[in-house]
Amino acid sequence: MIDNQETECRIIEASKLVFIEKGLDGAKMSDIAERAGMSRTALNYYYRTKENLFYAIIEQIFNILLPKVENLSALKGNIDSKIDAIVEIYDQVLRQNEYIPRFVFVEIQRNPKLIYDFVDKSEKAQLYLKALSVLLNDGLNVPQMKAKFQKVHLITVFFGLQFVPYLLEPLLAMYREADKMERENFLTEHKAIVKKLLRAYFE
């Protein structure tokens with residue numbers, strides 16, 4: 001059982017890299033098998049199609065985010081403390097799962113309908129969106145918000161600020177020393193800036 005779990009994890013990790021590089025349309029099961037260090041026949045034993053692998057990765061993303069977003073809706077405190085908590089949670093998730101911004105962005109650009117259809121039919125995706133809506137309606141219940149802002153703008157600003165450092169990482173890396181601590185310091189500084197910008201958004 002442990003061997004099967006380890007193999008599935010290896011396949012998923014290999015799939016993430018291949019999908020980021022080539023997208024779903026350009027990826028081949030043979031590419032994934034080679035990256036995972038196994039035969040195509042062995043890969044088929046676990047996942048028969050690349051679409052199944054792709055959906056498994058998206059499901060994994062919602063599995064990571066859903067419980068954290070659900071917990072956010074119960075947060076107490078003023079708007080600033082809630083913003084800080086939200087940013088902290090997403091910062092932690094992205095540092096531990098750096099593939100998410102690139103994976104999502106690449107496929108949204110190449111095949112937005114695929115993402116749309118999956119989210120529309122996925123129970124976990126719908127639970128995530130519902131929890132996010134509760135958070136925006138209740139957890140961040142600022143009177144002037146409804147008059148001044150639309151949710152779509154707030155979501156765009158939030159995910160834009162959170163995702164961009166990871167999307168730009170190949171370029172940003174050229175402007176600093178090859179030092180992991182320096183990158184961690186940059187992300188920590190960026191997190192503080194995101195908090196300030198989001199607070200200003202509600203003023």
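The points below cover the fold, surface and salt bridges of this predicted model.

1. Fold. The chain holds twelve helices and zero strands. Its order along the sequence is therefore an unbroken run, α-α-α-α-α-α-α-α-α-α-α-α. The C-alpha trace spans about 60 × 45 × 35 Å along its principal axes.

2. Burial and contacts. The chain has 203 residues, and 41% of them count as buried. Taking contacts between residues at least 6 apart in sequence, 70% join residues at least 24 apart.

3. Surface and charge. About 11,900 Å² of the chain is exposed, and carbon and sulfur atoms supply 56% of that area. The chain carries 28 positive and 28 negative charges, and the mean positions of the two sets are 4 Å apart.

4. Salt bridges overall. The count comes to 13 salt bridges. Three pairs are taken up in the points that follow, along with one network.

5. Glutamate 21 and arginine 35. These side chains form a salt bridge with an N to O distance of 3.0 Å. Glutamate 21 belongs to helix α1 (residues 2-26) and arginine 35 to helix α2 (residues 29-36), and the two are 14 residues apart. Glutamate 21 has a relative accessible area of 46%, so it is classed as partly exposed. Arginine 35, at 39%, is also partly exposed.

6. Glutamate 88 and lysine 195. Here the N to O distance of the salt bridge is 2.6 Å. Glutamate 88 sits in helix α5 (residues 79-96) and lysine 195 in helix α12 (residues 180-201), so this pair ties together parts that are 107 residues apart in sequence. Glutamate 88 is partly exposed, at 32% relative accessibility. Lysine 195 has a relative accessible area of 14% and counts as buried, because the cut-off for buried is under 20%.

7. The network. Glutamate 88 and lysine 195 are also members of a network of salt bridges. Asp91, Arg95, Glu184 and Lys191 are linked in that network as well.

8. Lysine 113 and aspartate 117. The closest N and O atoms of this salt bridge are 2.7 Å apart. Both residues lie in helix α7 (residues 112-121), and their spacing of four residues is about one turn of the helix. Is lysine 113 buried or exposed? Its relative accessible area is 55%, so lysine 113 is exposed. Aspartate 117, with a value of 25%, is partly exposed.

Key. Residues numbered from 1 in each chain as written. Predicted model: local features only at pLDDT ≥ 70, side-chain atom pairs only at ≥ 80, totals over all residues. Heavy atoms only, no water. Buried < 20%, exposed > 50% of the residue type's maximum accessible area, 1.4 Å probe, protein only. Contact = heavy atoms within 4.5 Å. Areas by Shrake-Rupley, 256 points an atom, 1.4 Å probe, with all protein chains shown as cover. Lys, Arg positive; Asp, Glu negative; His and termini not counted. Charge placed at Lys NZ, Arg CZ, Asp CG, Glu CD. Salt bridge = Lys/Arg side-chain N within 4 Å of Asp/Glu carboxyl O.
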